[in-house]
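Q: Please take a close look at one part of this structure, the place where its domains and its ligand come together. Which residues deserve attention there, and what do the computed values say about them?

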Amino acid sequence: MSIKWGVIGTGGIAREFISDVMTHTEMTVAAIGSRNPEKANSFFPGIKGYGSYEELVNSDVDAIYIATPHQVHCENTLLALYADKPVLCEKPFAVNAKEAKKMADLAKTKNLLLMEAMWTRYLPHIQKVRELLPELGEVKNIQADHGQSLMHIKRLTDPNYAGGALLDLGIYPISFAFMVLGKPEKITAKGVIENGVDLQSSAIFEYSGGRQAVINTVMNAKSPTTASINGTRARLELSNSFYRPTDMRLIYDDGRIVEFKNEYRGHGLREQAIYFEKMLISGKKESPLLPMSETVEIMECLDEIRNQIGLKYPFEK
Ligand SMILES: NC(=O)c1ccc[n+]([C@@H]2O[C@H](COP(=O)([O-])OP(=O)(O)OC[C@H]3O[C@@H](n4cnc5c(N)ncnc54)[C@H](OP(=O)(O)O)[C@@H]3O)[C@@H](O)[C@H]2O)c1
């Protein structure tokens with residue numbers, strides 16, 4: 001079986017996802033839903049367009065990929081689940097943990113597969129990171145950042161779109177720290193807010209045993225966008241951009257260095273779709289690589305950082 005995807009939204013990431021899946025996998029994107037019938041029909045050659053999201057979710061596609069702005073992820077996911085469709089929903093999974101729980105609860109009630117499209121988790125170099133962790137000794141510290149100059153993108157500077165660096169970019173280093181060290185016991189964060197969105201923020205996550213992760217995100221300057229996992233025996237460095245397929249090096253305290261060159265071809269968004277298909281076929285309802293409970297904890301972490309830096313979106317007030 002090769003699944004037929006339906007995509008909600010006709011923006012930038014929808015196009016990237018469709019290209020990567022159609023070029024590099026056996027799966028197809030069979031249909032696209034847009035709020036505008038003309039956009040739906042002209043978006044991608046050979047793919048059926050529906051002039052509403054309702055029509056798409058009620059069509060004969062096997063699964064829905066949600067590629068709309070953050071503030072409608074919850075609404076769009078619920079729509080698809082109510083139509084009995086399994087869902088892969090873009091990151092951030094929702095705007096806050098309350099929405100994320102609602103989505104996870106409905107998927108459970110409906111017994112449907114639901115997965116956060118945190119595509120990094122499914123990339124081959126991240127699989128290698130998981131394999132290499134025992135080599136590092138005891139992981140004591142993580143440093144990870146994500147910064148891009150994105151002030152020209154309207155949805156990022158608009159609080160009504162749940163804009164800001166944290167939900168769009170900061171979620172990558174945060175999800176990375178969760179993957180390695182789990183949920184932090186304590187979070188301390190500082191941020192810079194302008195016109196209702198966070199331009200940057202930094203957070204220290206504290207864990208038992210004196211371990212820490214230092215996270216930084218910024219959207220009006222380019223930062224290194226690298227990550228390092230620092231252990232008692234060695235450290236693993238992930239080059240820019242650490243959340244995409246990239247080079248890595250393992251640096252032992254005794255001076256030995258092992259290089260891992262990136263040989264991946266294509267964007268990489270397809271890996272989460274391939275994994276999703278495997279889970280769908282095997283009847284799994286959530287991803288062992290990123291279970292719903294962890295997605296909700298990550299949203300709680302984003303809520304906590306927003307609370308500490310004083311960022312509330314207009315529709316939350
Ligand atoms: N995984 C990644 O690497 C990655 C990269 C970029 C973005 N993303 C995520 O993907 C999501 C979409 O980002 P994007 O950059 O693709 O956004 P975008 O280019 O602005 O497109 C979003 C699409 O959503 C639809 N939409 C539904 N409600 C909307 C509303 N109220 N305002 C505007 N558009 C609305 C629109 O399609 P119709 O008009 O056809 O309905 C629009 O084309 C975001 O949550 C973002 O975090 C992920």
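**The ligand and the domain interface**

A: In this predicted model, an N or O atom in the side chain of Y172 lies 3.2 Å from an oxygen atom of the ligand. Backbone atoms also approach the ligand: a polar backbone atom of I13 is 2.9 Å from a ligand oxygen atom, and a polar backbone atom of K91 is 2.8 Å from a ligand oxygen atom. The ligand on its own exposes 890 Å², and 82% of that is buried by the protein. Around the ligand there are 25 residues, of which T10, S34, K39, Y53 and K91 come nearest.

K91 leads from the ligand to the domain arrangement. Domain 1 comprises residues 4-118 and 269-285, while domain 2 comprises residues 124-264. Their C-alpha centres are 26 Å apart, and the contact draws on eleven residues from domain 1 and eleven residues from domain 2.

How much area is buried between domain 1 and domain 2? The value is about 990 Å², with carbon and sulfur atoms giving 63% of it. On the domain 1 side, H70, K91 and M118 supply 47% of the area buried against domain 2, more than any other three residues.

The polar side of this interface can be described as well. One salt bridge is counted between domain 1 and domain 2. The side chains of K91 and D168 meet in a salt bridge, with an N to O distance of 3.6 Å; this pair satisfies the definition because the limit is 4 Å. Four residue pairs are in polar contact across the interface of domain 1 and domain 2, counting pairs with both residues at pLDDT 80 or more. The side of domain 1 that touches domain 2 consists of five nonpolar, two polar and four charged residues.

K91 therefore recurs throughout this picture: its backbone has a polar atom 2.8 Å from a ligand oxygen atom, and its side chain meets that of D168 in a salt bridge.

Conventions:
Residues numbered from 1 in each chain as written. Predicted model: local features only at pLDDT ≥ 70, side-chain atom pairs only at ≥ 80, totals over all residues. Heavy atoms only, no water. Domains from an automatic or database assignment. Contact = heavy atoms within 4.5 Å. Buried area = accessible area lost by both parts, 1.4 Å probe. Polar contact = N/O pair within 3.5 Å; in protein donor to acceptor, adjacent residues only side chain to side chain. Nonpolar A, V, L, I, M, F, W, Y, C, P; charged D, E, K, R; others polar. Near = heavy atom within 4 Å. Areas by Shrake-Rupley, 256 points an atom, 1.4 Å probe, with all protein chains shown as cover.
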